[in-house]
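I am opening a notebook on this structure. Each entry notes what I looked up and what I found.

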Amino acid sequence: MESFELLGFGIDAWITIVTVLGMFTILLTTKWRSDIVFLGAIGVLYVTGVLDAKEAFSGFSSTSVITVGVLFVVVAGLTYTGVLQWIVKNLLGTPGSYGKAVTRLMLPVAALSSFLSNTTVVALFVNVVKMWAKKLGVSPSKLLIPLSYASGMGGVCTLIGTPPNLIISGLYEEKTGTAMNILTTTIPGLFCLAVGVLSIIALRRLLPDRKTPESAFESTSDYTVELRVPSDNPYIGQKIGEAGLFHVNGGSLIKMYHFDDMPTPLSEDEPIMGGDHLIYAGQIDEIIEMAVSHQLVSSDHHIYSMDELDTDCKLRTAYVTFGSKLIGKSIGQSTFEKDNNVMLAAVSRRGERIEEAPRDVVLEAGDTLLLTCPKNFNMDTDSLKDNLHFFDSDTVPNIGTGTIVSTAIMVAMVVVSALGIMPLLQCAFLAAAAMLICRCCNMEQAMKAINWDILMVFAGSAVLGLAIQKTGIAEWLANGILNVCGTNPLIVMIAVCFVGTFITEFISNTAAGAMFFPIMYDAAEKLGYEPFPFLVALMISVSSSFATPIGSPTHMLVYGPGGYRFSDFMRIGLLMNLIILAANIFIVNLIYPLTPLP
């Protein structure tokens with residue numbers, strides 16, 4: 001078995017190739033959780049003997065993985081003390097042109113994303129940008145893609161801004177024993193950010209002008225109707241479900257009043273009494289037909305406004321996420337409403353309300369759902385988070401002393417690490433402890449802030465990179481690149497970064513960084529050059545995914561709210577990929593000239 005060889009690869013290499021290809025096929029074609037897929041890949045490599053136990057689980061003890069986990073706690077301290085909210089409130093202002101608006105938006109977002117999770121930053125800004133766009137008279141779709149792009153470009157400006165930077169710098173330290181400075185990528189990243197901002201302004205005609213999904217929900221009178229049960233109605237005494245008045249053709253019952261009392265939660269077992277007020281949402285024509293057949297009459301006062309509805313229950317806007325189990329189904333085919341104590345009132349797709357019964361609409365990724373929810377509604381349940389993304393939150397942090405304290409802790413962490421006084425991991429531990437001691441966040445908030453799924457993917461990516469290197473695949477690919485590109489180090493750098501930029505449109509940038517690290521490192525060494533500048537260029541490349549909405553979690557966050565289509569990202573994103581690649585190669589070679597190995 002050990003002597004087996006096919007096309008220059010041994011059995012271990014082929015097992016690794018099949019595992020990696022199988023893993024990415026599953027991620028692209030199924031809705032399986034990414035952390036489970038990565039854990040399964042690690043299991044295959046361990047069980048087949050490609051990696052021993054120490055190697056297979058080395059990712060979980062990697063300093064870069066632990067650093068990411070600890071930084072989640074630091075970010076929690078900043079979030080719960082209102083640092084992000086203060087920045088949003090004070091930095092956007094009222095610019096006088098689109099170019100100034102893009103600049104005013106992208107620079108603060110990039111700065112925040114250099115130190116915080118870009119997903120957290122974008123989630124906070126989305127609703128603010130939509131309201132800001134309305135104030136400026138600009139379609140939100142003209143600003144939400146730049147918002148997402150800015151978070152990605154800002155993330156590469158420090159080692160802690162994005163996972164690939166941490167994993168590549170961690171692998172480099174393991175290889176050489178030399179740690180990268182936390183600000184290694186700052187100058188190249190800032191240059192690429194400046195080029196990116198100017199490119200967005202120059203290419204603004206390629207940004208789509210879409211209606212926001214909420215524009216279909218602006219007036220409840222467009223899709224809700226209030227009916228009353230007369231005193232001689234034959235259904236009095238029956239339950240709503242038995243009478244066929246709960247889920248009806250064309251819509252659903254979203255509220256009910258017995259005199260001044262509103263049953264909460266509303267269920268099919270609620271009895272019907274004379275004088276009840278029933279409020280339905282959906283296809284008005286069909287609801288009126290139902291009213292005639294069930295001998296209901298129009299209420300003596302018409303329809304509720306959004307504000308009036310909010311006094312008794314909450315109207316929430318949610319977006320169907322990529323990978324959601326609701327995709328390809330209608331709400332009526334599932335127990336989603338009952339399981340989560342919500343009621344679907346309307347569905348919007350790309351800014352237009354779908355003119356059919358909401359519960360009959362077959363859902364797609366990015367669809368906007370208008371849900372009526374009870375006052376004590378919890379958006380953080382696993383069932384909801386796995387299928388929908390809500391942008392409104394009940395948690396409004398108080399801006400005060402804690403805001404200043406948490407900011408000081410973050411700044412101190414960065415400065416101490418940048419000056420080389422203490423390694424980044426130790427600085428992160430001290431910062432996390434300070435956040436807890438100073439009550440910037442409590443223990444429960446800190447634990448909830450740790451994203452274990454991301455840590456699993458992070459650890460799994462590092463192990464895959466190790467397997468690619470150990471089995472000789474990285475060396476083979478490095479030799480292949482050299483055979484195609486020759487011995488010019490600049491051409492080799494461009495080739496690997498080009499492939500990395502486009503691969504990361506379809507797989508996580510963390511996985512791309514881990515996979516391409518050994519390839520880039522081996523290629524640089526074979527050419528006789530110090531790998532450091534090659535790896536800095538790689539860091540920026542694998543985080544430069546602009547052309548597909550699945551290329552970054554932040555793209556998926558703005559996809560629904562912006563009313564985008566898949567092709568909208570490609571129109572401007574393909575050009576942005578090439579522009580940032582060129583800027584990346586130029587600035588990295590200027591700041592970190594290629595140096596021959598001694």
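**Entry: Thr103**

I looked up the contacts of Thr103 in this predicted model. Leaving out residues up to four places away in sequence, Thr103 touches Pro108, Val197 and Ile201. I then asked where Thr103 sits. Its place is in helix H6, which covers residues 98-113. Next I checked its exposure. Thr103 has a relative accessible area of 28%. Buried would need under 20% and exposed over 50%, so Thr103 counts as partly exposed. I also looked up a pair that is distant in sequence. Thr103 and Leu198 are 95 residues apart along the chain. In space, their C-alpha atoms are 8.5 Å apart.

**Entry: the chain as a whole**

I stepped back to the full chain. It has 598 residues, and 54% of them count as buried. I found 25 helices and 12 strands listed for it. How much of the contact total comes from residues 24 or more positions apart? Among contacts with a separation of 6 or more, such residues account for 78%.

**Entry: confidence**

I wanted to know how sure the predictor is. The mean pLDDT of the chain is 81. Of its residues, 87% reach 70 or more. I noted one stretch to read with care. Over residues 300-311, pLDDT stays under 50. For that stretch, the model has 26 contacts beyond four places in sequence.

**Entry: S4 and S5**

I turned to strands. S4 covers residues 247-248, and 2 bridges join it to S5. The two strands run antiparallel. I looked up one bridge by name: His247 has Ser252 in S5 as its partner. What do S4 and S5 form? They form a hairpin, with 2 residues between the strands. Gly250 lies in the turn and has a positive phi of about 95 degrees. I then checked how covered S5 is. It spans residues 251-257, and 7 of its 7 residues are buried.

**Entry: S9 and its partners**

I moved on to strand S9, residues 343-349. It is mostly covered, with 7 of its 7 residues buried. Which strands are joined to S9? One is S11, residues 368-373, joined to S9 by 5 bridges. Another is S10, residues 352-353, joined to S9 by 2 bridges. S9 runs antiparallel to S11, and S9 also runs antiparallel to S10. I noted a residue pair for each. Val347 stands opposite Leu369 in S11. Arg349 has Glu352 in S10 as its bridge partner.

**Entry: aromatic pairs**

I looked up ring pairs next. A pair of aromatic rings is described by the distance of the centres and the angle of the planes. The count for this structure is 8 aromatic pairs. I started with Phe498 and Phe502. Their ring centres are 4.9 Å apart, and their planes stand at 50 degrees. Under 30 degrees would be stacked and over 60 edge-to-face, so this pair is tilted.

Where are these two rings along the chain? Phe498 and Phe502 lie in helix H21, residues 489-503. They are 4 residues apart, so about one helical turn separates them. I checked exposure for both. Phe498 has 39% relative accessibility and counts as partly exposed. Phe502 has 25% and also counts as partly exposed.

I took Phe517 and Tyr521 as a second case. Their ring centres are 5.6 Å apart with planes at 35 degrees, so this pair is tilted. Both residues lie in helix H22, residues 509-527. They too are 4 residues apart, about one turn of the helix. Are they buried or exposed? Phe517 is buried, and Tyr521 is buried.

I also noted a cluster. Ring pairs link Tyr172, Phe532 and Tyr592.

**Entry: the cavity**

Last, I looked for enclosed space. The count is 1 cavity of 30 Å³ or more. The largest cavity has a volume of about 40 Å³. I went through its lining. The residues there include Gly152, Met153, Cys192, Leu193, Ile540, Phe546 and Ile580. Which helices each supply at least two residues of that lining? They are H8, residues 141-155, and H10, residues 186-202. H10 gives the largest share, with 3 residues.

Definitions and conventions
Residues numbered from 1 in each chain as written. Predicted model: local features only at pLDDT ≥ 70, side-chain atom pairs only at ≥ 80, totals over all residues. Heavy atoms only, no water. Buried < 20%, exposed > 50% of the residue type's maximum accessible area, 1.4 Å probe, protein only. Pairing = 2+ DSSP bridges. Phe/Tyr/Trp six-rings, centres within 6.5 Å; stacked < 30°, edge-to-face > 60°. pLDDT = per-residue confidence, 0-100. Contact = heavy atoms within 4.5 Å. 1 Å grid on protein atoms, 1.4 Å probe; cavity = no way out; pocket = protein on both sides within 12 Å on 5 of 7 lines; lining within 4 Å. Points joined across faces, edges and corners; volume = space filled by probe spheres on them.
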